[in-house]
Amino acid sequence: MGTKQKGHSAEKLSVVFAVRVIEGGEQGFLDMYDQIRKSVAGTPGHIIERLGEPVDDSRQWVITSEWETPEHFFAWQQSEDHRALVAPLRKWVDSTQSLRFRVVKETTKETS
C-alpha cells in the first residue's frame with residue numbers, strides 16, 4: 001500500500017543496514033564502503049545513501065539507503081554484481097542486520 005504524493009503512488013523503500021566493524025577494521029571498512037558507494041550510486045532506482053559512524057565505542061556503523069521502489073532494491077540486491085561487490089566487505093565486519101521499510105510518510109522542508 002503506497003501513499004499518494006504529487007498525484008502518483010509512492011512506493012519508496014528505506015533500507016537500514018547495521019554492521020559491527022571488527023576491532024581495528026575501521027579503515028578497511030571505510031575503503032570498501034567507498035567502493036560500494038560509488039557503484040551503488042549509478043544503480044537504477046537508487047536515490048540516496050548515508051553512512052553513520054558510531055558516537056560511542058560500539059563499533060556499530062549504520063548504512064541507510066533509499067530506493068524509488070522495493071523492486072529496484074531487490075533487483076540490485078539479488079544480482080551477481082551485488083554479491084561480488086559486497087563479498088570483500090565481510091572481511092571487515094563480524095555481524096550485520098538488514099531492515100527494510102516502505103516509506104509511508106515523510107517530512108521535508110516543503111511539507112513542514
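Q: Which residues are exposed on the other side of helix 2, away from its buried ones?
A: This is a predicted model. In helix 2, the residues Pro70, Phe73 and Trp76 are buried. They span an arc of only 135 degrees around the axis, so they sit on the same side of helix 2. On the other side of helix 2, the exposed residues are Glu71 and Ala75.

Q: Which elements do the buried residues of helix 2 pack against?
A: Helix 2 covers residues 70-77. Its buried residues include Phe73, which has a relative accessibility of 5%. The packing partners of the buried residues are strand 3, helix 1, strand 5, helix 3 and strand 6.

Q: What pattern of helices and strands does the chain follow?
A: Start with the tally. The chain has three helices and six strands. Read along the sequence, they give the pattern β-β-β-α-β-β-α-α-β.

Q: Which element gives the most residues to the largest nonpolar core?
A: Nonpolar side chains tend to be buried together in soluble globular proteins. Here the largest nonpolar core has 18 residues. Strand 3, helix 1, strand 5, helix 2 and helix 3 each supply at least two of the core residues. The top giver, with five residues, is helix 1.

Q: Is Phe29 buried or exposed?
A: Phe29 is among the residues with the most contacts inside the largest nonpolar core. Buried means a relative accessible area under 20%. Phe29 has 0% relative accessibility, so Phe29 counts as buried.

Q: Why is the ring pair of Phe29 and Trp61 called tilted?
A: The structure has five aromatic pairs. In this pair, the ring centres of Phe29 and Trp61 are 5.4 Å apart. Planes under 30 degrees apart count as stacked, and those over 60 as edge-to-face. The planes of Phe29 and Trp61 are at 55 degrees, so the pair is tilted.

Q: How many residues apart in sequence are the parts that Phe29 and Trp61 tie together?
A: Phe29 lies in helix 1, residues 26-41. Trp61, which is buried at 5% relative accessible area, lies in strand 5, residues 60-67. The parts tied together are therefore apart in sequence by 32 residues.

Q: At what angle do the ring planes of Trp67 and Phe73 lie?
A: Both rings belong to buried residues: Trp67 has a relative accessible area of 0%, and Phe73 has 5%. Trp67, Phe73, Phe74 and Trp76 form one aromatic cluster. The ring centres of Trp67 and Phe73 are 5.5 Å apart. The pair is edge-to-face because the planes lie at 65 degrees.

Q: Which residues does His82 contact, leaving aside its neighbours within four places in sequence?
A: His82 lies in helix 3. His82 is buried, with a relative accessible area of 13%. Leaving aside those neighbours, the contacts of His82 are Trp76 and Gln77.

Q: How many residues apart are Lys12 and Glu106, which form a salt bridge?
A: Side chains of opposite charge can pair when their charged atoms come close. The closest N and O atoms of Lys12 and Glu106 are 3.0 Å apart. Lys12 is in the loop between strand 2 and strand 3, while Glu106 is in the segment after strand 6. The pair links distant parts of the chain, with a separation of 94 residues.

Q: Which residues are joined into one network by salt bridges that share partners?
A: The structure holds eight salt bridges. One of them joins Asp94 and Arg20, with their closest N and O atoms 2.9 Å apart. Asp94 is in strand 6 and Arg20 in strand 3, 74 residues apart. The network joined through shared partners is Arg20, Glu23, Arg59 and Asp94.

Q: How far apart are the closest N and O atoms of Asp34 and Arg37?
A: Asp34 and Arg37 both lie in helix 1, three residues apart, about one turn of the helix. An α-helix has 3.6 residues a turn, so residues three or four places apart point the same way. Asp34 is partly exposed at 33% relative accessible area, and Arg37 is partly exposed at 34%. Asp34 and Arg37 form a salt bridge, with the closest N and O atoms apart by 3.3 Å.

Methods: Residues numbered from 1 in each chain as written. Predicted model: local features only at pLDDT ≥ 70, side-chain atom pairs only at ≥ 80, totals over all residues. Heavy atoms only, no water. Phe/Tyr/Trp six-rings, centres within 6.5 Å; stacked < 30°, edge-to-face > 60°. Helix = DSSP H or I, 4+ residues; strand = E, 2+ residues; numbered from the N terminus. Buried < 20%, exposed > 50% of the residue type's maximum accessible area, 1.4 Å probe, protein only. Core = buried A, V, L, I, M, F, W, Y, C linked by side-chain atoms within 4.5 Å. Contact = heavy atoms within 4.5 Å. Arc of directions from axis to C-beta. Salt bridge = Lys/Arg side-chain N within 4 Å of Asp/Glu carboxyl O.
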